[in-house]
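Take a look at the structure below. This report walks through a helix, some ring contacts and the empty spaces.

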Amino acid sequence: MSANPQAAPVLVVGGGIGGLTAALALSRKGIPVQVLEQAAEFKEIGAGIQLGPNVFRMFEVLGLTDAVFRWAAFPEALEMRDSMTGESVVEMRIDKLYDRYHAPYGVIHRADLLDRIHDACRGSNLIELLPSRKVVSIEDTGNGVTVHTEGGETYKGAALIGCDGLWSTVRQHIVGDGKPVVSGHIAYRAVLPTADWPKEYRLPKMIIWAGDKTHLVHYPLRRGELFNLVVVFHSDRYEEGWDSYGDPAELHERFSEKCEPVRTLLKKVNSWKMWVLCDRPPIKNWSKGRITLLGDAAHPMLQYLAQGACMAIEDAVCLANQIEAAGGDYATAFRKYQELRYLRTARVQIMARVYGEVYHANNVVRELRNKVLREWLAQGGVDMSWLYGEQPELPHVDSVPQPETTRLVS
Ligand SMILES: Cc1cc2nc3c(=O)[nH]c(=O)nc-3n(C[C@H](O)[C@H](O)[C@H](O)COP(=O)(O)OP(=O)(O)OC[C@H]3O[C@@H](n4cnc5c(N)ncnc54)[C@H](O)[C@@H]3O)c2cc1C
């Protein structure tokens, strides 16, 4: 397809990581896009996210590698410790994943990632970014789509991609399956300057303290200038929510039986942001005519495999390729895109739940977990090719440049 800024745009509902990446990927194919975002700014809240080798291939396709490298951190290892006893269970060299996948494993602040994608979108004359537009209704008119916003505006486009996240309005139009599943797991997240993080833990590592319905993960962020903490525990006190503050008293109570280093590390943070973790069971059909879904709107998942944003970015690249291949026949492209994506994303949704069980195991199951993980490591580690390896529906990338491991000031 060739660039024609006069053509009817594709409407993207939601300007998070998925929506902005979709806009960028479509613009790279010469397709004009309007992004309707309910918030007043294109801005991420939250903390760090992990980026598997699979998503670095997509950054290469989208021309984002250099920008992401400048803001990311690249830890050397991932260590799991038992949060009840404090013992080290296994340690894997994640910098060595590069040798296998020709792409690195990194971590980045969500805001830094969104800013990089936003910068790239602003550099395209095919993308119109429209903040303060909360979409309240959509309709497929047969030869196009129309959306209405809360502010009373109407937008018309050739097709629509719902990138409006976990509580997607567009999903209700297509799937109509109501609210997401509340997992009963709560995440508290915080980011600290590295100077405020205890010296003995200023390591170029991701450390996960796992056990008994909780885990704590910490890792360096933003070239090693920041430290990221994520704490997850089970609680039935919350129904749903996003962007609210956590209660340190509840946190300390949930971790009162954990080993001393974990309790001490949690005291380093005074203010936590809270997320009520939800997902949905996988579905096969998330497109209808000229409307489709992408990212969390299509396949929300728990965060235990650290892949929700990575999947949204893969979706965007796959979708743009299918639109190009279908020569602008959106209904065909959307059907093909979901056919190519649903089993991969379903596997990640299901495996994320399984990993949650592994992290939060207790008593005999926890001991068994530790034993099995050590055995796996001794045999060469768990094969993650299904997740990090190249996928037939995504463009082949020979290799991504190899970054330096992030060094920390001790
Ligand atoms: C604790 C936690 C840790 C995580 N860690 C990782 C990780 O390590 N690695 C990883 O890859 N992923 C991780 N994720 C998952 C990742 O954050 C999500 O999968 C990702 O943000 C999904 O992006 P999205 O664009 O689909 O949805 P969102 O980020 O939710 O964006 C949706 C956008 O749509 C807008 N919107 C909603 N409704 C409307 C409307 N009606 N009209 C207009 N705009 C609307 C919203 O304002 C928002 O900007 C984690 C998630 C959590 C909760």
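## Helix H5

Helix H5 covers residues 110–122, which makes 13 residues. In this predicted model, the helix reaches 18 Å from its first C-alpha to its last. That is close to the 18 Å expected at 1.5 Å a residue.

How many of the 13 residues of H5 are buried? Ten are, so the helix is largely enclosed by the rest of the structure. The buried set starts with Arg110, Ala111, Asp112, Leu113 and Leu114. It also takes in Arg116, Ile117, His118, Ala120 and Cys121. Charged residues appear here too, including Arg110, Asp112 and Arg116.

## Aromatic pairs

The structure holds 14 aromatic pairs. One of them joins Phe56 and Phe59. Their ring centres are 5.5 Å apart, and their planes meet at 85°. An angle over 60 degrees counts as edge-to-face, so that is the label for this pair. Both residues lie in helix H2, which spans residues 53–62. They are three residues apart, about one turn of the helix. Phe56 and Phe59 are both buried.

Another pair is formed by Tyr105 and Tyr388. It is edge-to-face as well, at 5.9 Å centre to centre and 80° between the planes. This pair links distant parts of the chain, with the two positions 283 residues apart. Tyr105 sits in the loop between helix H4 (97–101) and strand E6 (106–109). Tyr388 belongs to helix H12, residues 385–388. Both Tyr105 and Tyr388 are buried.

## A ring cluster and charges over rings

Which residues do ring pairs link into a cluster? They are Phe56, Phe59, Phe69 and Phe74.

Charged side chains meet rings as well. The charged end of Arg189 sits over the ring of Trp275, 4.3 Å from its centre. Lys258 lies over the face of Phe255, and here the distance to the ring centre is 5.7 Å.

## The cavity

Now for the empty space. Rolling a probe the size of a water molecule over the atoms shows where such space is left. A search of the whole structure finds one cavity of 30 Å³ or more. The largest cavity has a volume of about 30 Å³.

Which residues line the largest cavity? They are Asn54, Arg57, Met58, Glu314, Gly389, Glu390, Gln391, Leu394 and Pro395. Helix H2 gives the most to this lining, with three residues. By class, the lining divides into three nonpolar, three polar and three charged residues.

## The second largest pocket

The second largest pocket holds about 160 Å³ of space. Its lining has 13 residues. Those nearest the centre are Asp95, Tyr98, Gln402, Pro403 and Thr405. The lining of this pocket is made up of seven nonpolar, two polar and four charged residues.

## Met351

Met351 is found in helix H10, residues 330–359. Is Met351 buried, exposed or partly exposed? Its relative accessibility is 26%, so it counts as partly exposed. The partly exposed class lies between under 20% for buried and over 50% for exposed.

How far apart are Met351 and Glu390? They are 39 residues apart in sequence and 18 Å apart in space, C-alpha to C-alpha. Glu390 is one of the residues that line the largest cavity.

Conventions: Residues numbered from 1 in each chain as written. Predicted model: local features only at pLDDT ≥ 70, side-chain atom pairs only at ≥ 80, totals over all residues. Heavy atoms only, no water. Helix = DSSP H or I, 4+ residues; strand = E, 2+ residues; numbered from the N terminus. Expected span 1.5 Å × (residues − 1). Buried < 20%, exposed > 50% of the residue type's maximum accessible area, 1.4 Å probe, protein only. 1 Å grid on protein atoms, 1.4 Å probe; cavity = no way out; pocket = protein on both sides within 12 Å on 5 of 7 lines; lining within 4 Å. Points joined across faces, edges and corners; volume = space filled by probe spheres on them. Phe/Tyr/Trp six-rings, centres within 6.5 Å; stacked < 30°, edge-to-face > 60°. Lys NZ or Arg CZ within 6 Å of the ring centre and 35° of its normal.
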